[in-house]
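Me: I should like to go through this model term by term and hear the grounds for each description. Please set each value against its definition.

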Amino acid sequence: MTEAVLLVGGKGTRLRPLTVETPKPMLATAGVPFLHHVLARARDAGIDHVVLATSYRPEVFQRGIGDGRDLGLRVDYVTETEPLGTGGGIRNVLDLLQSGPDDPVVILNGDVLSGHDLRAQLDAHRSAGADVSLHLTVVEDPRAFGCVPTDESGRVTAFLEKTPEPVTDRVNAGCYIFNRRVIDAIPAGRKVSVERETFPGLLRDGALVVGHVEQAYWLDLGTPAAFVRGSCDLVLGRLHSPALPGPTGEWLVLPTARVATDAVLCGGTTVGAGAVVGAGATVEGSVLLDGAVVGEGAALRDSVVGRGAQIGDRTVLVGAVIGDRARVGADNELLAGARVWTDARLPPKALRFSSDEASA
Ligand code: GTP
């Protein structure tokens with residue numbers, strides 16, 4: 001048996017307003033909740049029991065994933081009433097883990113889309129006799145990430161969180177393997193950051209922390225641009241996901257969506273269930289969530305349109321984020337960085353969506 005803990009308690013503030021009602025790991029990405037892609041890949045790597053460390057809107061996870069049977073996994077939930085941070089969240093699920101003290105437990109950030117070979121990391125972890133191993137990926141600009149230098153044997157020598165002068169382009173990719181006894185040692189009942197407290201503490205104590213460098217597809221879906229990119233890459237097949245609900249290609253149209261015959265969809269666009277794309281509209285590299293409506297002649301690129309949101313005829317969106325149920329009138333032009341919030345006059349349950357019904 002191999003177990004995994006998924007950290008999914010964050011509020012996803014950078015993705016607001018999309019995350020007002022839906023936590024980031026549950027946002028529909030290439031047609032299914034993002035977590036379905038992560039869980040399906042984990043299952044294929046040999047994981048059979050997953051504990052979700054939730055905090056923000058835990059009910060959305062339970063509704064969308066249930067006991068995990070449909071995904072071929074056993075899924076349990078633990079909810080922090082006050083967010084305990086990444087390390088505190090890992091410690092808080094300890095009672096639900098069945099692994100022995102020296103067994104490896106996989107820890108995954110719930111917002112990372114990664115093609116890396118988890119089985120290979122588990123093998124490397126075991127053969128190195130490591131206490132902890134981390135997947136390290138290589139990025140062009142490491143300043144916004146946690147830099148992780150290693151010595152020639154692969155042993156981690158420091159953790160440098162978001163530094164203006166990075167000493168290496170190898171960064172923490174958000175996938176760790178902890179021997180269970182390392183989790184036992186994290187202080188219980190208080191906020192702990194795994195990046196700022198647990199990892200530096202392990203190095204101080206002389207633990208064997210090993211970097212596992214692999215440059216497979218890797219994307220942190222923290223920002224709207226990255227979220228749209230990840231969804232489109234899954235549809236285009238740049239990263240294989242066993243959870244993709246259709247063939248790869250220029251577009252993915254879910255059942256019950258309606259797309260006018262002369263509308264153009266490309267760049268890995270997803271059209272969610274019950275969504276409508278009007279005559280002459282062009283939707284390129286974008287995500288239309290369930291029930292979204294795009295008017296005639298509208299032109300969308302690199303944008304995300306929330307559940308039940310409406311985009312007027314001939315409106316242009318480039319790099320825009322439109323919240324659930326928001327309405328953008330005809331002939332508007334919203335360019336990169338524009339965010340339109342949900343129409344607060346409508347109660348959250350004013351519209352029902354196919355995904356609600358499927359999971360209700
Ligand atoms: P932003 O608010 O946009 O920074 O997003 P976020 O809240 O998701 O934070 P961040 O991207 O730094 O979190 C990395 C991962 O850790 C995500 O998968 C979060 O869901 C998770 N996470 C962050 N804080 C907590 C916490 O307090 N408890 C738990 N269980 N998970 C957390």
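Reply: One open sheet is formed by five strands in the order β15-β18-β21-β24-β27, with parallel pairing. A strand here is a DSSP run of E of at least two residues, a helix is a run of H or I of at least four, and both are numbered from the N terminus. The model is predicted, with local features requiring pLDDT of at least 70 and side-chain atom pairs pLDDT 80 or more, while totals for chains, interfaces and linings use all residues. Residues are numbered from 1 along each chain as its sequence is written, and side-chain values use heavy atoms, leaving out hydrogens and water.

Me: What makes β15 (258-259) and β27 (327-328) the edge strands?

Reply: Each of these two strands pairs on one side only.

Me: How do you know that strand β21 (residues 293-294) and strand β24 (residues 310-311) pair?

Reply: Two strands pair if DSSP finds at least two bridges between them. Two bridges join β21 to β24, so the pair meets that criterion. The strands run parallel, and V294 has I311 in β24 as its bridge partner.

Me: Which strands make up the open sheet that includes β16 and β28, and in what order?

Reply: That sheet has five strands, in the order β16-β19-β22-β25-β28, again with parallel pairing. Its edge strands are β16 (264-266) and β28 (333-334), each pairing on one side only. Strand β25 (residues 316-318) is joined to β28 by two bridges, and V316 is partnered with E333.

Me: What makes strand β1 (residues 3-7) mostly covered?

Reply: Five of its five residues are buried, the term buried meaning under 20% relative accessible area, against over 50% for exposed and partly exposed in between (1.4 Å probe, protein chains only). E3, V5 and L7 point one way from β1, A4 and L6 the other way, and all are buried.

Me: Which strands does β1 pair with?

Reply: β1 pairs with strand β6 (residues 104-109) over five bridges in the parallel sense, V5 having I107 as its partner. Five bridges also join β1 to β4 in parallel, where E3 is partnered with H49.

Me: What makes β4, helix α2 (residues 58-65) and β5 a right-handed unit?

Reply: A crossover is right-handed if, with the strands pointing away from the viewer, the path from the first strand over the helix to the second runs clockwise. β4, α2 and β5 form a β-α-β unit of that hand. Strand β4 (residues 49-54) and strand β5 (residues 74-79) run parallel and are joined by six bridges, with V51 opposite D76.

Me: Why is a set of residues called a nonpolar core?

Reply: The term applies to buried Ala, Val, Leu, Ile, Met, Phe, Trp, Tyr and Cys residues joined through side-chain atoms within 4.5 Å. The largest such core has 49 residues, and those with the most contacts inside it are L6, L35, V50, L52, I65 and F227. Helix α7 (residues 224-236) gives the most to this core, with six residues. The core also draws at least three residues from each of domain 1 (3-220) and domain 2 (250-354). A second, separate core of 28 residues includes I90, L136, F178 and I186.

Me: How do you know that the length of α7 agrees with its residue count?

Reply: The expected span of a helix is 1.5 Å times one less than its number of residues. The 13 residues of α7 should therefore span 18 Å, and its end C-alpha atoms are 18 Å apart, which agrees. α7 is mostly covered, with ten of its 13 residues buried, among them F227, L234 and V235. After α7 comes G237, whose phi is positive, near 85°.

Me: What makes H37 buried or exposed?

Reply: H37 has a relative accessible area of 0% and is therefore buried. It lies in helix α1 (residues 34-44). Contact means heavy atoms within 4.5 Å; leaving aside neighbours within four places in sequence, H37 is in contact with T29, A30, V32, L234, S241, A243 and L244.

Me: How do the two domains stand to each other?

Reply: The protein is divided into domain 1 (3-220) and domain 2 (250-354), with bounds from an automatic or database domain assignment. Their centres, taken over C-alpha atoms, are separated by 32 Å. Ten residues of domain 1 are nevertheless in contact with 17 residues of domain 2.
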